[in-house]
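User: I would like to go through this structure by question and answer. Please start with the sheet.

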Amino acid sequence: MASSKPDLNIGLIGTGFMGKTHAFGFSTAPKVFDLPRNIVLHTVADVTQDSATQAAGALGFARATDDWRKLIADPDIDVIDITTPNALHKEMALAAIAAGKHVYCEKPLAPCASDALEMARAAEAAGVKTQVGFNYLCNPMLRLARAMIEAGELGDIRGYRGIHAEDYMADAATPFSFRHDPVGGGALADIGSHALATAEMLLGPITEVMGDCVTMIGTRPDGRGGTRAVEVDDVGRAFLRFANGAQGSVEGNWIATGRQMQHDFEIYGTKGALAFSQQRFNELHFYDGCDAPGRRGFRRIEAAPEHPPYGRFCVAPGHQIGFNDLKAIEVAGYVDAIAGDGAEPFGFCAGHRIQTLVETIQTSSRHRAWKSV
Ligand SMILES: NC(=O)c1ccc[n+]([C@@H]2O[C@H](COP(=O)([O-])OP(=O)(O)OC[C@H]3O[C@@H](n4cnc5c(N)ncnc54)[C@H](O)[C@@H]3O)[C@@H](O)[C@H]2O)c1
């Protein structure tokens with residue numbers, strides 16, 4: 001039966017890791033949420049017609065092209081969804097904005113903060129809605145953590161420790177890729193950006209940083225039998241000061257041997273504490289300082305329908321949601337913003353903010369000095 005809702009035609013560029021996750025998001029969101037638009041998987045673009053056609057079939061899109069400019073020029077397409085390597089984001093997003101399209105773009109939004117600002121301003125001037133892929137922020141347990149902090153359950157927040165560590169670059173034989181691009185690449189931009197976004201979601205603005213960005217593997221195979229020098233960081237760390245008076249640290253690390261997805265944080269307040277690990281992301285650990293002496297300890301809160309929007313996915317507590325479901329939550333928030341008057345959950349302005357934090361930490365590391373953000 002045809003939907004009575006207006007169609008929202010999606011054009012997806014890039015069909016790798018994130019392209020597939022975005023396709024999951026757009027396919028799942030209408031089944032889970034009451035979206036104001038009828039999602040239509042319209043066209044995918046990739047570098048060859050064969051790969052685009054194959055991906056269109058696998059991901060449920062109606063059409064395929066090897067030319068992303070044709071996709072953007074198609075008057076039927078409403079949303080351009082960019083999941084290509086970082087260096088392509090700016091050109092593709094600006095072309096899409098110029099064509100009057102809404103733009104959903106993976107992080108990092110652009111190679112540098114000034115590019116991200118240009119993109120945010122262009123979108124604002126064109127009146128289109130934007131979204132950047134910071135899916136970890138959509139976790140119901142992070143929303144619970146923020147609600148507990150806002151309600152004062154932890155008291156005054158004193159300390160924060162955040163980390164996003166993986167080991168996909170730990171092997172020095174892993175070839176040079178777009179993630180090593182001298183402009184905009186590196187562990188801090190690639191995954192430290194997620195840790196920074198989570199820190200600010202939970203504690204509010206970071207005001208000062210003292211960074212230490214280190215390259216541990218100085219050359220990598222270039223894929224053509226030679227080697228290529230690596231200039232970007234393998235590990236980016238920073239001490240942080242927050243506007244709310246808290247202090248802490250954050251780390252982005254892609255050579256953390258043995259870690260596949262450590263997007264973790266600990267928060268220490270005057271009355272209690274929270275601990276979270278993405279490796280068990282349907283759980284939040286809460287230490288309540290009001291418990292009686294001899295009965296104190298971190299209690300494990302399992303994700304349940306009381307933690308929206310978990311209940312949309314499953315009526316039973318403790319059954320857990322998955323990584324791709326976070327993308328469905330992100331998609332749902334974005335589609336609501338496109339259909340309504342409200343702001344996007346994490347638009348290009350927010351993406352620019354994260355890029356600014358990354359750059360300030362990198363500058364601080366080079367100057368070996370604290371920097372204001
Ligand atoms: N939010 C997250 O959790 C998350 C996780 C991983 C990656 N990312 C981001 O997603 C982006 C893509 O990363 P990935 O891991 O999916 O990479 P990938 O290499 O798996 O996929 C990139 C895709 O883009 C295609 N592509 C490259 N050039 C193109 C062009 N000119 N026209 C059309 N298609 C083109 C490639 O063929 C490939 O299908 C990066 O910006 C990365 O930082 C975000």
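User: In what order do the strands of the open sheet of nine strands run?

Analyst: The model is a predicted one. In it, nine strands form an open sheet with mixed pairing. Their order is 16-15-14-13-7-12-11-8-17.

User: Which are the edge strands?

Analyst: An edge strand here pairs on one side only. That holds for strand 16 (298–302) and strand 17 (371–372).

User: In which sense do strand 14 and strand 15 pair, parallel or antiparallel?

Analyst: Strands of a sheet pair through backbone hydrogen bonds, in one sense or the other. Strand 14 covers residues 272–277 and strand 15 covers residues 283–288. One bridge joins G272 to D288 in strand 15. The two strands pair over four bridges, and the sense is antiparallel.

User: What angle does the direction of helix 10 make with that of strand 8?

Analyst: Helix 10 (residues 348–367) packs on the sheet and touches strand 8 (206–214), strand 11 (235–242) and strand 17. With the direction of strand 8, the helix direction makes about 60 degrees.

User: How many residues of domain 1 are in contact with domain 2?

Analyst: The domain assignment gives domain 1 as 7–135 and domain 2 as 140–280 + 282–317. Their centres, taken over C-alpha atoms, are 26 Å apart. On the side of domain 1 that touches domain 2, nine residues are nonpolar, one is polar and one is charged. Domain 2 contributes eleven residues to the contact, and domain 1 contributes eleven.

User: Which residues come nearest to the ligand?

Analyst: The shell around the ligand divides into eight nonpolar, nine polar and four charged residues. Helix 1 (residues 17–32) supplies the largest share, three residues. Of the 21 residues around the ligand, the nearest are G14, G16, F17, M18 and E106.

Conventions: Residues are numbered from 1 along each chain as its sequence is written. This is a predicted model: local features need pLDDT of at least 70, side-chain atom pairs count only at pLDDT 80 or more; totals for chains, interfaces and linings use all residues. A residue is near a molecule or strand if its C-beta atom, placed from the backbone, lies within 6 Å of it. Ala, Val, Leu, Ile, Met, Phe, Trp, Tyr, Cys and Pro count as nonpolar, Asp, Glu, Lys and Arg as charged, and the others, Gly among them, as polar. Domain bounds come from an automatic or database domain assignment. Two residues are in contact if their C-beta atoms, placed from the backbone, lie within 7 Å. Two strands pair if DSSP finds at least two bridges between them. Axes are lines fitted to C-alpha atoms, for helices over the stretch in contact, and angles run from 0 to 180 degrees between N-to-C directions.
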